[in-house]
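User: I am new to this structure and would like to learn how to read its features one at a time. Please begin with the surroundings of a single residue.

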Amino acid sequence: PVDRIRRGRSNRSRGNRAELDVARSIPGGRKMGPLGLSWDVEVGTYARLQVKKLAHRPGLAEIARLIHAIPDTGDRLRGFVWVEAAGRGKRGQRVVWFGWAEWCQWHSFRLPVGPALVTMPLDEWVAEFVKP
């Protein structure tokens, strides 16, 4: 039982650090995880993001489920950030996903029906779409 408790605390601590790292890397990002909401990071009036730090990327159905678990208020994009657990002292990749329909509607893209999800590296998304 002691190992289970320790592993739970370690995983929670690792997840909290990942949320804070993502929030700090986005201009206007705020860590919301401790409030018990269905999202972990809020980016002003632009997006709400669920953050998970995992060794392997979850499946697309799981990513879509995590995105749709965030309430759709119509005033913010809902997204998911996967932070790769790369190992001791190493920074893994950070990738963000959004629903295709919401993404196109929010950015006024008139694109044909496409994939269910839009994905890109977190740093590219911040540089291209998040305004300070």
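Analyst: Leaving aside its neighbours within four places in sequence, R94 is in contact with D21, V22, S25, W82, V83, P121, L122 and D123. Contact here means heavy atoms within 4.5 Å. The model is predicted, so local features need pLDDT of at least 70 and side-chain atom pairs count only at pLDDT 80 or more, while totals for chains, interfaces and linings use all residues. Residues are numbered from 1 along each chain as its sequence is written, and side-chain values use heavy atoms, with hydrogens and water left out.

User: Which side chains make polar contacts with that of R94?

Analyst: A polar contact is a pair of N or O atoms within 3.5 Å; within protein, one must be able to donate a hydrogen and the other to accept it, and residues adjacent in sequence count only if both atoms are side-chain atoms. The side chain of R94 has such a contact of 3.1 Å with the side chain of D21, and another of 2.7 Å with the side chain of D123.

User: Is R94 buried or exposed?

Analyst: Buried means under 20% relative accessible area, exposed over 50%, and partly exposed in between (1.4 Å probe, protein chains only). R94 has a relative accessible area of 9%, so it is buried. It belongs to strand β5, residues 94–99. Helices (H or I, at least four residues) and strands (E, at least two) are DSSP runs, numbered from the N terminus.

User: How should I read the two faces of β5?

Analyst: In a regular strand the side chains alternate between the two faces of the sheet. In β5, R94, V96 and F98 lie on one side and V95, W97 and G99 on the other, and all are buried, so both faces are covered.

User: In what order do the strands form the sheet?

Analyst: Strands of a sheet pair through backbone hydrogen bonds, either parallel or antiparallel. Two strands count as paired if DSSP finds at least two bridges between them. Here six strands form an open sheet in the order β1-β2-β3-β4-β5-β6, with mixed pairing. At the edges stand β1 (29–31) and β6 (117–121); each has a single partner strand, so one side of each is left without a neighbour in the sheet. Direction ignored, neighbouring strands of this sheet are turned by 25° against each other on average; axes are lines fitted to C-alpha atoms, for helices over the stretch in contact, and angles run from 0 to 180 degrees between N-to-C directions.

User: Which strands pair in the parallel sense, and which run antiparallel?

Analyst: Strand β3 (residues 47–54) pairs with strand β4 (residues 77–84) in the parallel sense over eight bridges. Antiparallel pairing joins β4 to β5 through five bridges, and β5 to β6 through five bridges. Within β5, W97 is the bridge partner of F80, and W97 also stands opposite T119 in β6.

User: Where does helix α4 lie against the sheet, and which of its residues are buried?

Analyst: Helix α4 (residues 122–129) lies across β2 (41–43), β3, β4, β5 and β6, running at about 95° to β6. Its residues L122, W125 and V126 are buried. Seen down the axis of α4, the buried residues fall within an arc of 100°, so they line one face of the helix; the arc is that of the directions from the helix axis to the C-beta atoms. On the other side of α4, D123, A127 and E128 are exposed.

User: What does V126 touch?

Analyst: Not counting residues up to four places away in sequence, V126 touches S25, I26 and P27. V126 and S25 are 101 residues apart in sequence and 8.1 Å apart in space, C-alpha to C-alpha.

User: Where is R76, and what polar contacts does its side chain make?

Analyst: A loop residue can be read in the same manner. R76 lies in the loop between α2 and β4, and counts as buried at 14% relative accessibility. A polar atom of its side chain lies 3.0 Å from the backbone oxygen of G44, and its side chain makes a polar contact of 3.4 Å with the side chain of D75.

User: How many helices and strands are there in the protein chain?

Analyst: There are four helices and six strands, running α-β-β-β-α-β-β-α-β-α from the N terminus on. Of the 132 residues of the protein chain, 37% count as buried.
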